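Colleague: I am new to this structure and would like to know how its features get their labels. Could you take me through some of them?

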Amino acid sequence: MKKLSFLFLFLGIAFMANAQIAPDFYWIQFTDKNDSPYSIDNPEAYLSQRALQRRANQGIAIDEYDIPVNPQYLQAVADCGAELVNPSKWLNGVTVRITNPDVLEAVKALEFVETTKACVNNPEAQRMKERWLAMEMEYSPVENPTRGYYGGAYAQINQLNGIALHDRGYQGEGMVIAILDAGFIGADEHSAFDNMREEGRLLGTRDFVYGSTSVYSQSIHGTATLSTMAGYEPQTFVGTAPKSSYYLIHTEDGTQENIIEEYNWISGVEYADSLGVDVCSTSLTYVNFDLTQWSHPFEDFDGQTAPMTKGANVAASRGMLCVVAVGNKGDGICTMGTPADSEGVLAIGAVDENGNRADFSSVGPTFDGRIKPDVMAMGKGAYVGFNNGYLNVDGTSLSCPIMAGMVACLWQAFPNATAAEIRDVVRKCSDRYETPDNKYGYGIPDFVKALNIMPVNELLSDNSEIISVYPNPSSGNVKVVLRENVDAEICVFDYMGRMLFANHFNGLNNDLLESELNDLGAGIYFINVSSEVGNQTLKLVKVE
């Protein structure tokens, strides 16, 4: 049954019973972002301070992808009679509802509209999906969860050697995770999330499907995935990132199987990026749709083609780490769905408590021959929050957030690491790293090993500094010292993430860097250094 049948082998997803056939959806592709009121020079108009900080920390400059869709273009489309749904700045377009053919023709005639794509529903396919969802009650009976502090969730974190991270104080504190899912029924009431709510770590919600004010409807699937990370009831259930902060984002529509859901997801990830989210957890994959012309053949899984994969690639370039389910379609040749084929994501397969691959876990390779999934986590018999209690369930939908929580804890330990460095270390610390395949990927990560193999410069010890700048803070001129015998590429950003200048330095031309730094006015700046010995980001404060 298309996406959800191999996406979630687990639990009875409660969707709205009175769902109606939606109007016709269209994707409107614009030609450019010309004459926009937004600019690269004023990113604070569309990115939060945390988003700008994340870019500066990783040496990522603001570029045209960050500029929102031209609002004049959106208004012109609306003036034609189309109902705007969700714009996408990364893809430079907007999804709309149009039921009148004359409106569509008027939109096509706009000079800045490049193409339009019909995302029409098939009523019979939709009814088949709804009947299938009604039968989706695959779960295991709850075993006695008497495993100490972690309760029933013990096996899934212990398998990743993640308890040691928690014991060292890395429980995701200070990290922000966004969950993009099908709905969060009961997440506003379940006792597993009392601690998150009481401490103010539920930072916000957003619905990209209906545009409603609540995400606590349509499905309990998102609630279950959230619980594997944020759940906190000691002796009963403790998730993998119990001290992280969370955004809940609704992008999957259970009443249809429509490519618009890929565009919903892209808009949701763009929103997460603008908020400064560190990790996105997505237990959604897509292959087939009601309108078969938009279904993805094997050739689409090349890491570049599917809309959702394109969005994941841009997200990675913004310094976010997307952790995604590989899918539940089992063996074959490339049974995974998008965006698992993106090189920039961590695609997660499922194993049982003993480390044996679940037979439903999807496999690679990608069309261009890369290994997928990336790594594995427990998705067979995983323990999750469900309705007012807990349940053992099956699916890569659970192995994904279990892994996402541990990734957040690892990143907390190395706050100066880039998203790419975290992703690569998770692969390297896995038990099949030397002999990967398309069933297990690189295997099951050991997060204590990950702590030990992170590049030493990320610890920012005295011995690991590549560059030092002093005095800092400075009310005037500064001196720069580059580690002996090191060549480095150095980029300087302001606090809004705008690159001010970049140069190659070798320790003999320090005067040039010092001169440029001395010319800066009062403010906060970030100096990103990349060399053969590692990377470093240094904050420089200049005062009046």
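Modeller: Start with helix H2, in which Ala 51, Leu 52, Arg 54, Arg 55 and Ala 56 are buried. Keep in mind that the model is predicted.

Colleague: What covers the buried residues of H2?

Modeller: The cover includes helix H10 (260–275) together with E19, E21 and E22. After H2 comes Gly 59, which has a positive phi, near 70°.

Colleague: What makes E20, E19, E21 and E22 an open sheet, and in which order do they run?

Modeller: These 4 strands follow the order E20-E19-E21-E22, with antiparallel pairing. The sheet has edge strands, E20 (499–505) and E22 (534–542), and each of them pairs on one side only. From one strand to the next, the twist averages 20°.

Colleague: How do you know that E19 and E20 pair?

Modeller: Pairing takes at least two bridges between the strands. Strand E19 (residues 488–494) and E20 have 6 bridges in the antiparallel sense, and therefore count as paired. As one example, Val 492 has Phe 501 in E20 as its bridge partner.

Colleague: Which strands of the sheet does helix H2 touch?

Modeller: Helix H2 (residues 49–57) packs on the sheet and touches E19, strand E21 (523–531) and E22. The direction of H2 makes about 35° with that of E21. Helix H15 (residues 510–518) packs on the sheet as well, touching E19, E20, E21 and E22. Its direction makes about 165° with that of E20.

Colleague: How many aromatic pairs does a search of the whole structure find?

Modeller: The search finds 11 aromatic pairs.

Colleague: Why is the pair of Phe 30 and Phe 112 called edge-to-face?

Modeller: Ring centres must lie within 6.5 Å for a pair, and planes over 60 degrees apart count as edge-to-face. The centres of Phe 30 and Phe 112 are 5.8 Å apart and their planes stand at 65°, so both conditions are met and the pair is edge-to-face. Phe 30 belongs to strand E1 (residues 25–30), while Phe 112 is in the loop between helix H4 (101–108) and strand E4 (113–119), 82 residues apart. Phe 30 and Phe 112 are both buried. Ring pairs also join Phe 30, Tyr 73 and Phe 112 into a cluster.

Colleague: Why is the pair of Phe 237 and Tyr 383 called tilted?

Modeller: Their centres are 5.7 Å apart and their planes at 35°, which is neither under 30 nor over 60 degrees, so the pair is tilted. Phe 237 is in strand E9 (residues 237–238) and Tyr 383 in strand E15 (residues 382–386), so the pair ties together parts 146 residues apart in sequence. Phe 237 and Tyr 383 are buried too.

Colleague: Which residues lie over the faces of Tyr 232 and Tyr 440?

Modeller: Lys 243 lies over the face of Tyr 232, 5.1 Å from the ring centre. Arg 432 takes that position over Tyr 440, at 3.7 Å from the ring centre.

Colleague: How do you know that Cys 400 is in no disulfide?

Modeller: A disulfide needs two cysteine sulfur atoms within 2.5 Å. The nearest cysteine sulfur to Cys 400, that of Cys 322, is 9.7 Å away, so Cys 400 is in no disulfide. The search of the whole structure finds 0 disulfides.

Colleague: Why do Cys 119 and Cys 400 count as buried?

Modeller: Buried means under 20% relative accessible area. Cys 119 has 1% relative accessibility, so it counts as buried. Cys 400, at 0%, therefore counts as buried too.

Methods: Residues numbered from 1 in each chain as written. Predicted model: local features only at pLDDT ≥ 70, side-chain atom pairs only at ≥ 80, totals over all residues. Heavy atoms only, no water. Phe/Tyr/Trp six-rings, centres within 6.5 Å; stacked < 30°, edge-to-face > 60°. Helix = DSSP H or I, 4+ residues; strand = E, 2+ residues; numbered from the N terminus. Buried < 20%, exposed > 50% of the residue type's maximum accessible area, 1.4 Å probe, protein only. Lys NZ or Arg CZ within 6 Å of the ring centre and 35° of its normal. Axes fitted to C-alpha atoms, helices over the stretch in contact; angles between N-to-C directions. Contact = heavy atoms within 4.5 Å.
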